Each structure stands twice: as C-alpha cells, then as structure tokens.
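Dear colleague,

I am passing on the structure we spoke about, and I would be glad if you could look through it with the notes below at hand.

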Amino acid sequence: MGGRSLTALPIAGSIIMTNLSTEQIVGQNGQSYHAGMEVMAWEVTAAIAIVALAVVFLPKYFKYGINTVSDFIEIRYDTVTKRIISILFIVTYMISFLPVVLYSGSLVFNKIFHIDELLGVRPIVAIILVALIIGVIGILYLLIGGLSLSANSDTVYGVGLLLCGLLVPILGVMKLGEGNFIGGLDYIVDHTPWLLNSVGAIDSAIVPWPTLLTGMLFNNLYFWCTNQMIVQKALSGKNLAEAQKGTFLVGIFKVFGALFLVFPGIVARNIFGDALMNNPDNAYPYLVTEVLPQVLFGVFAAVIFGAILSSFAGALNATATLFSLDFYKPVINKEADDQQIARAGKIVTIIVGVISVIVAPFISFAPAGLYQFVQEFNGLYNMPLLVIILFAFYSKKATAIAAKSTIAIHIVLYALSKFFLKDIHFLYVLSILFFLDVLIMLAISKWKPDGNFVLASFDTKVDIKPWRYTKVASVILVGIVVLTYIAFSPMGFASLK
C-alpha cells in the first residue's frame, strides 16, 4: 500500500501508468486509423467514472479503512463472497492481463525498434527476450521498493510519455502542413473530416453511440471504481483529499490523452493513405519512425519500456496484495505479522511474475479470435461486481446469498452470450446484463431476506476529510468531457469541409 504515504502526483502517475500500456497506444491508434475519433470514447468517457471514483467510491472506501476492494465485500456481505471476488481478480490478472501486457508490449517494442534485426534473431525470440527483461525488472521493482517506488517512478514515466506522446502527432501534423502546424490541421479537416466524428454508428464495431451512457459507462465504473489494480493506488494516499486530487489529475489526463492515443491514427491515415488497412496496428509504429527525429529514439524507447513495465508491475502488485491479505493472513497463516505477510507477498510476486513471463510468448500461437476474447475477459465478472458494490453502498437489505447468486448467474449468461450473441457488440451485452444483475440482486434479497445491514465499527486509518474543491473539480471535468464530444462531432470539426 506504499505505506499509505502517497500524495496526489504519485497517485495520479501510478494510476495512469498502470492503466496505460503499449497495447493501448498502438491498438487505439490502429482503430482510429480505420474508424476515426469514435475510438476516443475509451479514454474521454472514463473521466465520468473517475469523477464517480473521487466523489462517491473513495470517500466510502476510506471511511471503512479497507486495503482491498474485496475487503469491502467482506465487510458488507461475507468472507465467501470476498474470496470469490479475489479469486476472479487474481485469475484475470494472471491469465489475461499480465501475459497480454508482456506479449503485446514486447511485440510493439520490437516492431518500433527492430530488436530482432539488431540481434539477428527471429521476431518471436526478440519478443521473448524483451518480455523476460520487463518481467525481471518488474519483479525487482516490487521486491526492492514496493508500490511507493513504483508510483514515484511512474510519475517520471508519465511526464515522459505525455511529452513524447504529444510530440508524435505534432510532428505528424507539421509534416502534413509542410512545416506549418495550422496548415497540417487544415489538411486533415479538408481530406478526412469524417474521421473527426466521435459519434459512432448504432452498429459500429468500435463504440456504438447508444452504449456511451450504458455499457461503456458501466464498464468504466467497474474499471475505475471497483478494479483492485486501479483502486489500490488511490487507497495508498496519505489521506482522502490527496487521493481525490490524484484521481482528478487522472481524469484530466484521460480526456487529453486522446490526443496521443487516438488522434495520431488519423494523422497516420493522412500520411500513409489506405496502405495500412490490412494491418492498421502498424499505423502508430510507422508514424513514429516516419516523423520522430532519430536523436529522440532512445528517450522514446525508455518511455515505451516504462509504460509496459508500469502496467505489468501494477497488476503484479495488485495480485500479490490480494493473495497476501485475502488468503495468506486469514487462511494460511492466521498468526502472521506484517513482516511475514510482506514476505508472502514477495514470494507471490516472484511466482506470478515468472508464470506470466513463461505464458506471454504462447499468446502468439493462439487463434486470432482469442486475443479479442481476452480483451473482453473482464466481462465475466465486471457487471456483478459493480452491482454488488453499489448495493453495498445504498441498500441495507442486500444479502450475501444474493451477491453470490448474481455473480454465478452473470458468469453463465455472459459465457452463453459469447456463443449465441457473438455478432452483437459486447457493450450492448453488458448494458443488458447490468440491469439483469440489478434485478437478480433485488429479487433474491427479497426472496431470502437477512435483516438490515448495520456497520458496527470501522477503522479509517487516515484522515477522511474530503478535498474542499471536489464538487468544483467534478463539474469542470464533466464539462470538459461534454465540450470535447461537441468539438469532435457533426456540430464541430467533423462538419468542416
């Protein structure tokens, strides 16, 4: 937990770099190369959920003095429900997130910097080597300095990524304008105005517009407000006010992050035309090598490496925390002191890290559809987790049996949807399942009542006085999101000819 000593800037840097990975940078720019600014929904609308994290979720988490999201589940429901959630978190991180971050990050790193050509080896060998190096350094990060070291170094990576990330589209636009930035923007508006529209069609394969306030919103609330990997960084704050300030900084970054996570794909489309349509994921690597001065390649390599490392270390830290506090202390060694718990966490860090490094290269042999399935893996439990936490906040009558039933029924329904509704966008599926989960929770709690929940006592651990500008910051951030959508819509840049 970083000694519960982090201030706003390290908290923001840690959350941003845990969330941000090369898979995101390359993948979203590849999508925008093909579909345009509608891809920005994954970034910009996240700010709404981040406001909810700062205003609603964090004050309650800090009030109850929890260390993990599953701690809160135990306080409100029971230990079995808590461990079900913890197991789902750990399995997801270990099977999907960690190996995918390592493999996709190593793949992109090799694609941009041609490690295989430098070493004279096959691409898969270079990818394995990069994954191994990242894995070893990530493990050492957490063993030597824990979350505190990781969070402070993430702040440095975050600044570097922001500067380098913005430099790539700026140089690309100037190339289009033959040295003139404004001229380059005019070129984009004149030649590809439709790509500047952020409102996706109702049947869009990227982000259908009806899902913005349903499936996308629910998915964002899960990821930013209930996902242990993210929430843990905010819980490491020295007080609630610092955690809130840190999350608002993240919200600002997510809105403007679209400028280097989405917009470069549009710049690449204008530079390379349709030449990369068969493999749009090459858009960002090709753009980097096309516009970035060679003198900056070393800096960019360090920043990209840091982005991969931070996502890996963040998820690894969350996995070790969940195991240590939810299984080792209460089940394996009930008499363990803090030193023994920390030692157990370090052992788990090594084991899970090594497993991830071993599994990562095998993703290259998986069927093409598996990667997309891994991206949607969180759908197995994200909606019921969000629902049971919302009920924990606002319902005294919600029961543990209802929570467990909601999780089980959702997993079955979501798995079935992958077979029978595979042509329907998964955000539509999540939209429906969220409301079904709510109905299941209500029905079973009423059918099998268990009295009214009353919290007898809690340990706040740190100062829980909120930041005095929380409401003002919330209004400003939501306003920026709305204005950004208006700007990239038929009412804004997309209407210009």
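The notes that follow deal with salt bridges and then with one asparagine.

Please keep in mind throughout that this is a predicted model. When the whole structure is searched, eight salt bridges are found, and I describe some of them here.

The pair to begin with is Lys82 and Asp71, whose side chains meet in a salt bridge with a distance of 3.3 Å from N to O. This pair links distant parts of the chain, since Lys82 belongs to helix α6 (residues 79-113) and Asp71 to helix α5 (residues 69-76), with the two positions eleven residues apart in the numbering. Both partners are shielded, for Lys82 is buried and Asp71 is buried as well. Lys82 and Asp71 also take part in a network of salt bridges, in which they are linked with Glu74 and Asp326.

A second salt bridge is formed by Lys404 and Asp78, where the closest N and O atoms are 2.7 Å apart. Lys404 lies in helix α19 (residues 400-420), while Asp78 sits in the loop between α5 and α6, and the pair therefore ties together parts that are 326 residues apart in sequence. As for accessibility, Lys404 is partly exposed, with a relative accessible area of 23%, and Asp78 at 21% also counts as partly exposed, because the limit under which a residue is called buried is 20%.

The salt bridge between Lys245 and Glu242, with its closest N and O atoms 2.9 Å apart, lies within one helix: both residues are in α12 (residues 240-261), three residues apart, which is about one turn of the helix. Here the two partners fall into separate classes, as Lys245 is partly exposed at 27% relative accessibility, whereas Glu242, with a relative accessible area of 15%, is buried.

Finally, a word on Asn282, which is placed in the loop between α13 (263-272) and α14 (283-291). Is Asn282 buried or exposed? Its relative accessibility is 12%, and so Asn282 counts as buried. If its neighbours within four places in sequence are left aside, Asn282 is in contact with Lys111 and Leu276.

If you open the model yourself, the salt bridge of Lys404 and Asp78 and the surroundings of Asn282 can be looked up by these residue numbers.

With best wishes

Methods
Residues are numbered from 1 along each chain as its sequence is written. This is a predicted model: local features need pLDDT of at least 70, side-chain atom pairs count only at pLDDT 80 or more; totals for chains, interfaces and linings use all residues. Side-chain values use heavy atoms; hydrogens and water are left out. Helices (H or I, at least four residues) and strands (E, at least two) are DSSP runs, numbered from the N terminus. Buried means under 20% relative accessible area, exposed over 50%, partly exposed in between (1.4 Å probe, protein chains only). Contact means heavy atoms within 4.5 Å. A salt bridge is a side-chain nitrogen of Lys or Arg within 4 Å of a carboxyl oxygen of Asp or Glu.
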